[in-house]
Structure formats: C-alpha cells, structure tokens
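Here is a friendly walk through a structure with an eye for its helices, its contacts and its backbone details. Please have the sequence and the 3D view open beside you as you read.

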Amino acid sequence: MEFYRSHVLICGGTGCHSSGSGEVMETFKSELAKHNLENEIKLVQTGCFGLCAVGPVVIVYPEGAFYSRVKDEDVSRIVTEHLLKGRIVTDLLYHDSVHEDEAIKSLNEVEFYKKQMRLALRNCGVIDPEKIEEYIAFDGYKALGKVLLEMTPEETINLIKASGLRGRGGAGFPAGLKWEFTAKAQGDKKYVCCNADEGDPGAFMDRSILEGDPHSVLEAMTIAGYAVGADQGYIYVRAEYPIAVKRLTIAIAQAREAGLLGRNIFGTDFSFDIELRLGAGAFVCGEETALMASIEGMRGEPRPRPPFPAVKGVFGKPTLLNNVETYANIPPILLNGPEWFQSIGTEKSKGTKVFALGGKINNTGLVEVPMGTTLREIIYEIGGGIPDNKEFKAAQTGGPSGGCIPAQHLDTPIDYDSLTQIGSMMGSGGLIVMDNENCMVDIARFFLDFTVDESCGKCPPCRIGTKRMLEILERITQGKGEEGDIEKLQELGRSIKSSALCGLGQTAPNPVLSTIQYFREEYEAHIRDKRCPAGVCQALLQIIIQAELCKGCGLCIKACPVDAISGERRSPHVIDQSKCIKCGACLEKCPFKAIVKG
Amino acid sequence: MKSLKELEEIKQRTLDSVNLRQDRTGGTRVVVGMGTCGIAAGARPVLLAFLEEIKKRNLGDVTVVQTGCIGVCRLEPMVEVTLPGEEKVTYVKMTADKVKRVVAEHVVNGQVVSEFTIGAAE
C-alpha cells in the first residue's frame, strides 16, 4: 500500500485558482523534491473548501493545519518548517483556525464551518476530483451498485419521492415526481440531462461541485437513467467553466474505464453513457426548454410548456432534467435512506442548500446549511458579518430572478416557501449581501440591465417590457424620475410576470418589485427629492461642506482636481456644484469629517 | 465494474491512503522527536523506517508526526508511541533496526519493547 505521513491538500477550485493556487501547487512540488520528501508527503489538488475569501487555501493533515492566503513565497517556509521539521507556521494559519493557546482547532470548530452541513459538498475539498478511486473510497458508486443490483426502478423513484428532495435549480419542484413523470412517459428512447448552465451573477455552487466532485453527478445521472429508463445522458455545462469541463471529461473517461459508464454496468443489462455539451454562455440556456434546444444544436430559445420535458424533451423524447446540486444529493439519500434526509431541514424543504455568499461580507465563499437556517446565522455567524461593521441593509437571493430581503426578515428561516412569501426566491442560491452604501434602485437597475441583455427576444413581454422598465429605472437614477414612475414599474412588472414565455421573463421584474416593496422611500427620494440616500447614483450625488464643522484649513481646495472649492482661510469653504465632478477626493482629505455625500 | 465486491475492494485499497484527511481521534500515534538534537542524532532515518514499516504492513490507522525537542537530548533519537486507550511509551536512542521491532511487537501486537524504553535506559 501507499502510505504518506502527511497530506497537503491544495484547493484547485476556480476561486483559489485565480488567486494563484496553481503556482502554489507547482512550488510545493519542487520544494518537496528539493528536500527529498516526495515519498513521505502527498500533494492533493482538491475542489473548493468554501472559504474563497482567504484563498489560496492549503490544509495539511494529520494536524489539520489550515493555511490561508498562501503565496508562492510562503511555500518554502511551510515545507522546511512544517513538513520537514514538524513546526506549524502559525502566522500563515487562517486566523479563526487556532485557539488562543495556539493549538489548532478541528475544522468543525472553525466559525465558518461550525453551522454548516456539507451534503452536496461532502467531497469538495476532501478528495482529489481527478481520481475515481478517492471518490470510491468515500462510498462513491456504492449507491449506484445498490440501486442496480438490489432495487427496481420503481423502488428507486419511490425512495427519492419519500425523501422530499426538491429541485435545487431554483423552482423547487419535487425531484421524485419529475423522475416519475419521465419514467411513466411513453417513448422508445429517453434522456437524462444535467443543467450545469449556471448563469446567475454571483452563483458558483454548481461549478464548485463539478470541480470538486464530478463523479457524484455522473453517479446520480446513471441512477436516474436506470430509474426512468434512459441510456443516454447529457451534461450541459458552460464553456466559461474550463476547470469543471476538464475534470468532467477526466471523470467520464475514468468511469468508462472502470465500467461504471457504458455497457452492462455492474454486470446487469443496464447500459448508460454520458456526454458533455458546452453552452456558449447565454443566460436563457439555463431555462429547460432553451437548454434542450441548445443540446439539439438549435438556437437557445425557450418554447411554451406543456409539453413538459418529461413528455417531450431532447430530440422530442421524454427527458429528465435536474440541476447539478440536485444530482449531488442523490447518492447520500440512497445510501442513508429517505428518513435520514427527511430529518434535515424544514417541513416542506428537506435537506440542505448551498449558498454562494458574496457582496459586502467578510467570508466570501460557498456555504452549505440545513434548510431553515436563518439569514442572520448565515451572514453573521458563518459569513463573519459585514466588513467594517457596517449596517446590514438587504440580502439579494436568487440572482436576477430573485428579490431583496430587508433587515426585518433577517430571522426568517430560509426555505423555498418562506423566501417566496417574503417576495424573493431561492433561485440557484446566490446570496449577495448589501450594506447601507448600496442603493436599492441602482441594484434593481443592475439586475434588470442583466436580464435585458440576456433576454432572447422571442416573446414581447420580456423583450420590450423589461427594456421599458430599464429605461424608467435609468431615468430615476439620473434624477429625471417623475411622479407615477413607481406605479408604472409595478404595473409593467406584474404584466411581464404573468405574460412572459419562460422563467427568465416571468421572474425578471422580481428585483424591481421587491425593492419597491421594501425600499419604496428610496425610490421616492430619487424621484421627488432628486437625492440618492446611499450616495451611489452619480447624477444625484451632491458633495457638501458642513459649514459648522469646517475649520477652513484649505486641504480640500488643494485636493480638488477641478478647482470647485473656494473659501478664505479659517472660514468655511464651499463647493461650486456646477463644477464638482463628485470624485470624492476632498471627502477623503478632510481631517474634520466636515465634507459629506448627500 | 461487475460487482459490489469489486467496488468494495477498490474502496478498501484507497481508504487507508485517504483517511488521514479526517479528524482522527482513534488509531496509533507515533511521534518522532525532530528538534536539532534529534535530527543530529539520526531521527530522520528513524522516521523513514517507520514509514517504510507501516507501508509494508498496511497499517492504515497509524499517524506519524514530528515534534520538537522532547528534552532529554542525550537520549535522542526519541520516539513516543501511543496505542489507542493506552499510556504513552517513550523509546530512546532509536535506530532503523529498532524501529522494525517496535512496529512488529508494539504497534502491531501491543507488546511494549521494554529494553528500548526510557525506563530501561535510565
């Protein structure tokens, strides 16, 4: 057997990769060689650990030392001190991973991981995603074996139904029902597809699963193929995810080699194979009918439903389509039983959900929590709060299809239904935190700008309606808003929601409607007082000197690049608003905090 | 892949090499003193000998770690072996050959090699 006294786990997810984990890996390799440690220390490139904010992350076992922000030049210290001499380099450890007496905490004690429950992410950051044996070592493909050898397709579907698993792509449709519909549909050929076209700005959980644990998706799709009677699977993944595509390609080849894909799997007469289809990065292709059109090689445009994909999907055949995270949940459900899964989460939403934390938050990254965890726990305990202790204003969930949740709902237990009730939605799980320096009108404008850009143009409500809404919002942010604009936005929003062809259009007005619902006074301030309370909308911004605080020191006069400030020494200065370009240079220079945005 | 048994074999084969990555409480712990004194006295060949023996004997649940100076530099290389649920045993003046016996008699069979311990040396 192979035995290494120490394992060095280096995060190879996109987050850490872009902060340099590839170079760190190479340097580790050469440093280990330099000290003749290659046969004692094992280097493992894993998937995402979740704490992208402090990447590149390196964990050294058996000690469980959690090194963060590891730079190329730190590597030789870790190798010579820790790996060669056994002295942990404490100043490179993640600040929250050591006790006060400098002893190392177990990962489960670290605040970021304490409240998490990693099911879909169970293998991310633990195994080497490019080695099928490591997936198997953590019970990989056992569920597939159990299903093929011991269960009928009906039993499999009933088990998934009993677990209460709901689709993790956003809408939350019961997964077992979808499987049943596809299984019951008539057809000589059926398909199983995986939606990995993760397009929401700020969401990256599907990418991380594919990068960190690709085999879990392959295994679940094969199980689904057996359950619904399909022999061909397609994973529709964005071409913008090169690492995910690479690891999937390796995983598929390894599974074929091991006989876990292909003909007569586990010696049964069940055969199944999976191919990749790369999407060109159109947001609308995450919509199921558009996605299937794109798989067929057609233009990625949605079509009216019914017929649903379960009846008429890819190439007109019955098709099962689930999202990456949904699939990642399947093997543990089959191994641990539906009762186990039922015991996690809330009454109507079982299991866990992965959220991609972003925006004004200390621990940017990926977290997985049981359904029913409150927003407060996610943001303040796991997420480590808002930088500079600024005040929480709202959290945006569900990306361009979701809405904003204000502070009064911080303690709402999050699940599919509670989020819909407060005017947002689960969506794929992007969670963007905003503080009082974010303008809600501008946020609404940003998301609408995205959907206008991504609208495929097939149906008029989406193509024309969202464009009109965007025009109104732009007017408001430029200080040209009129009385009645808010009502117009609401009316347009409601009619787009009820008349657009697909999910993209039907949900596009959500960011606008929910910000109006909770932050109407901010819209009114823009329209009536021509003022942006958060100080974001440039056109509405005024920088003023508070006369009672100004000591007349003249520093701002020197700082101003356009000579807009004037005043005698020792008497209050004033800003000429017609010249001011709102750069804020004076604001930073003022030693008396007399200059404010307003 | 033809059977669950085949899958289980792959699992067992790999498990030993990956279970180091979990927080472990059980299992045998081998601590090699590798302060300057230990290294000068030849702790490195001792460490390597442990790894070699563990590899040879497929001992998946043994953790080998290094530590600094244990304090009795004249008796280096020193090694502490702790079996689950048992008292720590300190071996002194270790060599690669002695390691073979410690692994075979103590780590595998639970019999302390008394003649190599610090008690015998004092």
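Helices (H or I, at least four residues) and strands (E, at least two) are DSSP runs, numbered from the N terminus. With that in hand, A:Thr420 can be placed in helix α16 (residues 416-421) of chain A. A residue is called buried if 20 or more other C-beta atoms lie within 10 Å of its own, exposed if 12 or fewer, and partly exposed in between, with C-beta atoms placed from the backbone. A:Thr420 is partly exposed because 15 other C-beta atoms lie within 10 Å. Its C-alpha atom is separated by 25 Å from that of A:Glu524, a residue 104 positions away along the chain.

A word on the ground rules: this is a predicted model, in which local features need pLDDT of at least 70 and side-chain atom pairs count only at pLDDT 80 or more, while totals for chains, interfaces and linings use all residues. Residues are numbered from 1 along each chain as its sequence is written, and chains are lettered from A and ligands numbered from 1 in the order in which they are written.

**Chain A**

Chain A is divided into domain 1 (6-113), domain 2 (132-341), domain 3 (352-435), domain 4 (440-528) and domain 5 (542-597); such bounds come from an automatic or database domain assignment. Between the C-alpha centres of domain 1 and domain 5 of chain A there are 48 Å.

How many residues of helix α13 (residues 324-336) of chain A are buried? The count is 11 of the 13, so this helix is largely enclosed by the rest of the structure. Among the buried residues are A:Tyr327, A:Asn329, A:Pro331 and A:Leu334. After α13(A) comes A:Gly337, with a positive phi near 90°.

Helices α9 (residues 205-212) and α11 (residues 242-257) of chain A cross at roughly 35°, and their axes come within 8 Å. Axes here are lines fitted to C-alpha atoms, for helices over the stretch in contact, and angles run from 0 to 180 degrees between N-to-C directions. The crossing of α9(A) and α11(A) is left-handed; a crossing has that name if the near helix is turned anticlockwise from the far one by less than a right angle, and is right-handed if clockwise. On the α9(A) side the contact uses A:Arg207, A:Leu210 and A:Glu211, and on the α11(A) side A:Ile243, A:Ala244, A:Arg247 and A:Leu248. Two residues are in contact if their C-beta atoms, placed from the backbone, lie within 7 Å.

Some loops of chain A hold backbone details worth a look. A cis peptide bond joins A:Gly55 and A:Pro56, with omega about -10°, and A:Pro56 sits in the loop between β2 (41-46) and β3 (58-61). Another cis peptide bond joins A:Pro306 and A:Pro307, with omega about 5°; A:Pro307 is in the loop between α12 (288-295) and β8 (319-323). The table lists two residues other than glycine with positive phi.

| Residue | Phi | Loop in chain A |
|---|---|---|
| A:Lys530 | near 50° | between α21 (510-528) and β14 (543-545) |
| A:Lys582 | near 60° | between β16 (574-575) and α23 (585-589) |

A:Lys530 has 16 other C-beta atoms within 10 Å and is partly exposed. A:Lys582, with 17 C-beta neighbours inside 10 Å, also counts as partly exposed.

**Chain B and its contact with chain A**

Chain B has five helices and four strands, in the order α-β-α-α-β-β-β-α-α along the sequence. Its C-alpha trace spans about 60 × 25 × 25 Å along the principal axes. Of the 122 residues in chain B, 35% are buried.

Helix α3(B) packs against helix α4 (residues 96-108) of chain B at an angle of about 45°, with the axes 9 Å apart. That makes the pair oblique, a term for angles that are not under 35 degrees (roughly parallel), over 145 (roughly antiparallel) or 65 to 115 (roughly perpendicular). The crossing of α3(B) and α4(B) is right-handed. Residues that meet here include B:Val46 and B:Phe50 in α3(B) and B:Val99 and B:Val103 in α4(B).

Where the chains touch, 27 residues come from chain B and 31 residues from chain A. On the chain B side, α1 (4-18), α3 (43-57) and β2 (62-67) each supply at least two residues. The most come from α1(B), with nine residues.
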